[in-house]
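Me: Please take me through the packing and the charged contacts of this protein, one point at a time.

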Amino acid sequence: MIMIERIINLKLLLFYTLFSFSVVVIAEDQQGLETVPQVDLVRYQGRWFEIARLPNRFQDQCLGNVTANYKQLDDGNIEVINRCLDEQGKMDEAKGIARIIDRSTNAKLEVSFVSLLGWNLFWGDYWVVGLGDSYEYAIIGEPSRKYGWILSRSDHLSMENWGDIQQILIQTGYDPNDFVQTKQKVSADL
């Protein structure tokens, strides 16, 4: 009986959490963040280097060498593996799943790094708002503009790409000066 009550309470908590989150997402979506017209998920797969990001609490432990690996799964979702070098000189790894929200463009996704009993919880927006013609860089944002990442296929960007990225950030309502550059090629011998 106690177990059944706990399950019911967990389901109610989950329902209220998801309901509250959806209300916030609907309100934030009204701010009109534009995404790229189309993302080819086959081309998007693979390894990306984080070039810069808006500071966030869930990456506080990351000293550098930040990468993201994406792999499309048979069910259409995308496996996400984020890695970084932490303060102890060890690789920190977060595994998650991304699901496509807008199948007409593949530019709006949600990611979750929390799974409980096979259910992924706490989904966050992952919108592709900028993308190089050859998929050499990607800019990831979300409607509130609280989070943002600049990714590249190599551990650095050309000056031309930097200029393009800064223009896209400004056009999408981000301040390029708020982004903190990620240290790549940091030695594990701290």
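The turns below cover confidence, cores, rings and salt bridges.

Me: What is the average pLDDT of the protein?

Reply: This is a predicted model, in which local features need pLDDT of at least 70, side-chain atom pairs count only at pLDDT 80 or more, and totals for chains, interfaces and linings use all residues. Residues are numbered from 1 along each chain as its sequence is written, and side-chain values use heavy atoms, with hydrogens and water left out. pLDDT is the predictor's confidence in each residue, from 0 to 100. Of the residues, 82% score at least 70, and the protein's average is 86.

Me: Over which residues is the pLDDT below 50?

Reply: Where pLDDT is low, the predicted coordinates should not be read in detail. The stretch in question has 13 contacts (heavy atoms within 4.5 Å) beyond near neighbours in sequence. The pLDDT is below 50 over residues 1–30.

Me: Which strand gives the most to the largest nonpolar core?

Reply: A nonpolar core is a set of buried Ala, Val, Leu, Ile, Met, Phe, Trp, Tyr and Cys residues joined through side-chain atoms within 4.5 Å; buried means under 20% relative accessible area, exposed over 50%, partly exposed in between (1.4 Å probe, protein chains only). The largest core has 23 residues, and V39, Y44, Y70, Y126 and L151 have the most contacts inside it. Elements that each supply at least two of its residues include α2 (41–44), β2 (62–72) and β8 (124–131), where helices (H or I, at least four residues) and strands (E, at least two) are DSSP runs numbered from the N terminus. With three residues, the element that gives the most is β8.

Me: How are the planes of Y70 and Y126 arranged: stacked, tilted or edge-to-face?

Reply: Rings of Phe, Tyr and Trp (its six-membered ring) pair if their centres lie within 6.5 Å; planes under 30 degrees apart count as stacked, over 60 as edge-to-face and the rest as tilted. Y70 is in strand β2 and Y126 in strand β8, 56 residues apart, and both are buried. Their centres are 5.9 Å apart with 70° between the planes, so the pair is edge-to-face.

Me: Which residues do ring pairs link into a cluster?

Reply: Y44 and W48 form a tilted pair, 5.1 Å centre to centre with 35° between the planes. Y44 is buried at 5% relative accessible area, and W48 is buried at 0%. Ring pairs link a cluster made of Y44, W48, Y70 and Y126.

Me: With which residue does R99 meet in a salt bridge?

Reply: A salt bridge is a side-chain nitrogen of Lys or Arg within 4 Å of a carboxyl oxygen of Asp or Glu. R99 is partly exposed at 31% relative accessibility, while its partner is buried at 12%. The N to O distance is 2.8 Å, and the bridge links strand β4 to strand β5. The partner of R99 is E110.

Me: Which residues do salt bridges that share partners join into one network?

Reply: The whole structure has five salt bridges. In one of them, the closest N and O atoms of E93 and R83 are 2.7 Å apart; E93 lies in strand β4 and R83 in strand β3, so the pair ties together parts ten residues apart in sequence. In another, D155 and K185 meet at 3.4 Å, N to O. The network formed through shared partners joins R83, E93 and K95.
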